[in-house]
Amino acid sequence: MDINFQLHQHWMARSIELATNAGNAGEVPVGAIIVSPGGEIISEGENRRERDRDPTAHAEIVAIRAAGAYLNSWHLDRCTLYVTLEPCPMCAGAIVAARLGLLVYGADDAKTGSVRTVLNIPDSAASNHKLTVIGGILEATCRQQLQEWFKRKRL
């Protein structure tokens with residue numbers, strides 16, 4: 001696979017902006033966008049669990065729901081999801097269920113990462129969709145954003 005790092009960094013930068021918005025609103029700073037095959041953002045999401053009082057309102061889920069509504073389809077196979085943190089089990093399952101074509105994430109999640117770090121849901125026998133994954137895009141920035149937020153939160 002030919003990886004266009006410059007393009008992936010461009011889209012991850014927008015996800016980082018959304019994560020900043022979430023962090024400023026008191027949410028864990030995670031942001032996500034979904035990009036169409038034509039190269040346009042069709043949805044955005046940021047963590048909204050606290051604001052919406054919804055345990056499923058992770059950035060990825062918010063973005064997937066909005067993309068489905070925009071495309072009038074749950075099938076997102078030609079789209080790319082960019083997210084600042086490796087998805088958790090719930091989000092990895094939703095990504096597989098939505099048949100996303102490509103997942104690009106920033107930082108690994110040593111506690112709940114379910115794409116490569118702790119679990120590998122996309123490659124498990126239970127997965128009915130093969131997902132292409134690229135990790136580590138703007139990883140240092142994504143990780144630092146999370147670490148600084150948690151450091152401030154724990155003061």
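Which residues is E60 in contact with, leaving aside its neighbours within four places in sequence? The contacts (heavy atoms within 4.5 Å) are with V30, A32, L81, V83, L85, P87, C88 and C91. The model is a predicted one: local features need pLDDT of at least 70, side-chain atom pairs count only at pLDDT 80 or more, and totals for chains, interfaces and linings use all residues. Residues are numbered from 1 along each chain as its sequence is written, and side-chain values use heavy atoms, with hydrogens and water left out.

E60 is listed by UniProt, in an unreviewed entry, under "active site". UniProt positions are given in the numbering used here, feature names are shortened, and annotations may be inferred rather than shown by experiment. E60 sits in helix α3 (residues 59–71). Helices (H or I, at least four residues) and strands (E, at least two) are DSSP runs, numbered from the N terminus. E60 counts as buried because its relative accessibility is 4%. Buried means under 20% relative accessible area, exposed over 50%, and partly exposed in between (1.4 Å probe, protein chains only).

H58 lies in the loop between α2 (49–52) and α3. H58 is also classed as buried, at 15% relative accessibility. Apart from neighbours within four places in sequence, H58 touches N47, R49, C88, M90 and C91. C88 and C91 appear in the contact list of E60 and in that of H58. A69 belongs to helix α3 as well. At 61% relative accessibility, A69 is exposed. Its C-alpha atom is separated by 9.8 Å from that of I42, with the two positions 27 residues apart along the chain counted as their sequence separation.

The same unreviewed UniProt record places "domain: CMP/dCMP-type deaminase" at residues 6–117. This span is 40% helix and 21% strand. Its end C-alpha atoms lie 24 Å apart.

Next comes the sheet. Five strands make up an open sheet, in the order β2-β1-β3-β4-β5, with mixed pairing. Two strands pair if DSSP finds at least two bridges between them. Strands of a sheet pair through backbone hydrogen bonds, either parallel or antiparallel. The edges are β2 (41–46) and β5 (132–134), each of which pairs on one side only. Neighbouring strands are turned by 15 degrees against each other on average, direction ignored.

Strand β1 (residues 31–35) pairs with β3 (residues 80–85) in the antiparallel sense over four bridges. I33 stands opposite Y82. I34 has L81 as its bridge partner in β3. β1 also runs antiparallel to β2, joined by five bridges. Here V35 is partnered by I41. The hairpin of β1 and β2 has five residues between the strands, and G39 takes a positive phi near 90 degrees there.

β1 is largely enclosed by the rest of the structure, because five of its five residues are buried. In a regular strand the side chains alternate between the two faces of the sheet. G31, I33 and V35 point one way from β1, whereas A32 and I34 point the other way. All of these residues are buried.

Y82 lies in strand β3. Its relative accessible area is 3%, so Y82 is buried. Beyond neighbours within four places in sequence, Y82 contacts H8, W11, M12, S15, G31, A32, I33, V35 and V104. Y82 and V104 are 22 residues apart in sequence, yet 4.8 Å apart in space, C-alpha to C-alpha.

Helix packing completes the description. Helix α1 (residues 5–24) and helix α5 (residues 139–153) pack at an angle of about 5 degrees, with their axes 11 Å apart. Axes are lines fitted to C-alpha atoms, for helices over the stretch in contact, and angles run from 0 to 180 degrees between N-to-C directions. The two helices are therefore roughly parallel. That term covers angles under 35 degrees; over 145 is roughly antiparallel, 65 to 115 roughly perpendicular, and the rest oblique. From α1, the contact is made by M12, I16, A19, T20 and G23; from α5, by T141, C142, Q145 and W149. These residues divide into five nonpolar, four polar and no charged. Ala, Val, Leu, Ile, Met, Phe, Trp, Tyr, Cys and Pro count as nonpolar, Asp, Glu, Lys and Arg as charged, and the others, Gly among them, as polar. Helix α5 also lies across β3 and β4 (102–107), running at about 60 degrees to β4.
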